[in-house]
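Trainee: I should like to take a close look at a single part of this protein, and I ask for one connected explanation of how that part sits in the whole.

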Amino acid sequence: RAITVAPLAPGTLEHHMSLAPQGPNLLRRNPMEGWKPCNLTILGSRELRGPEAEIIRKRYPWGLGAEGPLFEVDMELITGRKHQIRAQLSAEGASIYGDSLYAPMQSLTLDFELLSENEAKELE
């Protein structure tokens with residue numbers, strides 16, 4: 001389970017990840033040589049309201065997304081890559097609450113598909 005800043009619909013998320021030695025790792029939807037597949041299944045999500053959300057906000061007041069709604073997302077990991085869950089949820093616009101590494105990369109991750117394979121290799 002993860003606490004996120006947006007809901008996610010049930011289904012399988014399929015991406016390919018560059019495994020950066022220090023992170024953050026980059027994602028793309030289409031395969032590319034040297035990039036590893038990473039998949040997880042979203043089982044469901046629900047909005048946290050009232051005391052549930054307030055407990056999380058009090059415990060982690062610095063959390064990115066502290067002003068908006070929070071969601072509990074249930075998932076099943078299919079592959080096990082370093083930072084996979086954080087990167088994939090961020091790529092789908094549902095960053096983990098308080099994640100300062102991948103949340104700022106939401107737009108970069110989604111736009112990354114527009115790069116050619118040569119441009120993508122230069123970023124590795």
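Which residue in β3 does His 16 stand opposite?

Mentor: His 16 stands opposite Arg 28 in β3. Please bear in mind that the model before us is predicted. Let us begin with His 16 itself and then move outward.

His 16 has its place in strand β2. The relative accessible area of His 16 is 15%, so the residue counts as buried, the limit being under 20%. When neighbours within four places in sequence are set aside, His 16 is in contact with Leu 26, Leu 27, Arg 28, Arg 29, Asn 30, Pro 31, Trp 35, Lys 36 and Pro 37. The residue opposite His 16, Arg 28, is thus one of these contacts.

Now consider the strand that carries His 16. Strand β2 covers residues 11–17 and pairs with β4, residues 36–48, in the antiparallel sense over seven bridges. Within this pairing, Met 17 stands opposite Lys 36. To strand β3, residues 27–28, β2 is joined by two bridges, and these two strands also run antiparallel. As a general point, strands of a sheet pair through backbone hydrogen bonds, either parallel or antiparallel.

These pairings belong to an open sheet of five strands with antiparallel pairing, in the order β1-β5-β4-β2-β3. Strands β1 and β3 stand at the edges; each has a single partner strand, so one side of each is left without a neighbour in the sheet. Helix α1, residues 50–59, packs on this sheet, where it touches β1, β4 and β5, and its direction makes about 125° with that of β4. Helix α2, residues 84–91, lies across β1, β2, β3, β4 and β5, and runs at about 65° to β4.

Helix α1 shows how one helix may have a buried and an exposed side. Its buried residues include Ala 53, Ile 56 and Arg 57. These three cover an arc of only 100° around the axis, which puts them on the same side of α1. Among the elements that cover the buried residues of α1 are β1, β4 and β5. The face turned away from that buried side carries the exposed residues Pro 51, Ile 55, Lys 58 and Arg 59.

We may now return to β2 and ask what its residues contribute to the interior. The largest nonpolar core has ten residues: Ala 2, Ala 6, Leu 8, Leu 13, Leu 40, Ile 42, Val 73, Met 75, Leu 89 and Ala 94. Strands β4 and β5 each supply at least two residues of this core. Leu 13, one of its members, touches Cys 38, Asn 39, Leu 40, Ile 42, Gln 88, Leu 89 and Glu 92, not counting residues up to four places away in sequence. Apart from this core lies another, of six residues, among them Met 17, Ala 87, Ala 91 and Tyr 102. Met 17 is the residue that stands opposite Lys 36 in β4.

Finally, let us place this part in the whole chain. The protein chain has four helices and five strands, which run β-β-β-β-α-β-α-α-α from the N terminus on. Of its 124 residues, 39% are buried. Among contacts between residues at least 6 apart in sequence, 70% join residues at least 24 apart.

Note on methods: Residues are numbered from 1 along each chain as its sequence is written. This is a predicted model: local features need pLDDT of at least 70, side-chain atom pairs count only at pLDDT 80 or more; totals for chains, interfaces and linings use all residues. Side-chain values use heavy atoms; hydrogens and water are left out. Buried means under 20% relative accessible area, exposed over 50%, partly exposed in between (1.4 Å probe, protein chains only). Contact means heavy atoms within 4.5 Å. Two strands pair if DSSP finds at least two bridges between them. Axes are lines fitted to C-alpha atoms, for helices over the stretch in contact, and angles run from 0 to 180 degrees between N-to-C directions. A nonpolar core is a set of buried Ala, Val, Leu, Ile, Met, Phe, Trp, Tyr and Cys residues joined through side-chain atoms within 4.5 Å. The arc is that of the directions from the helix axis to the C-beta atoms.
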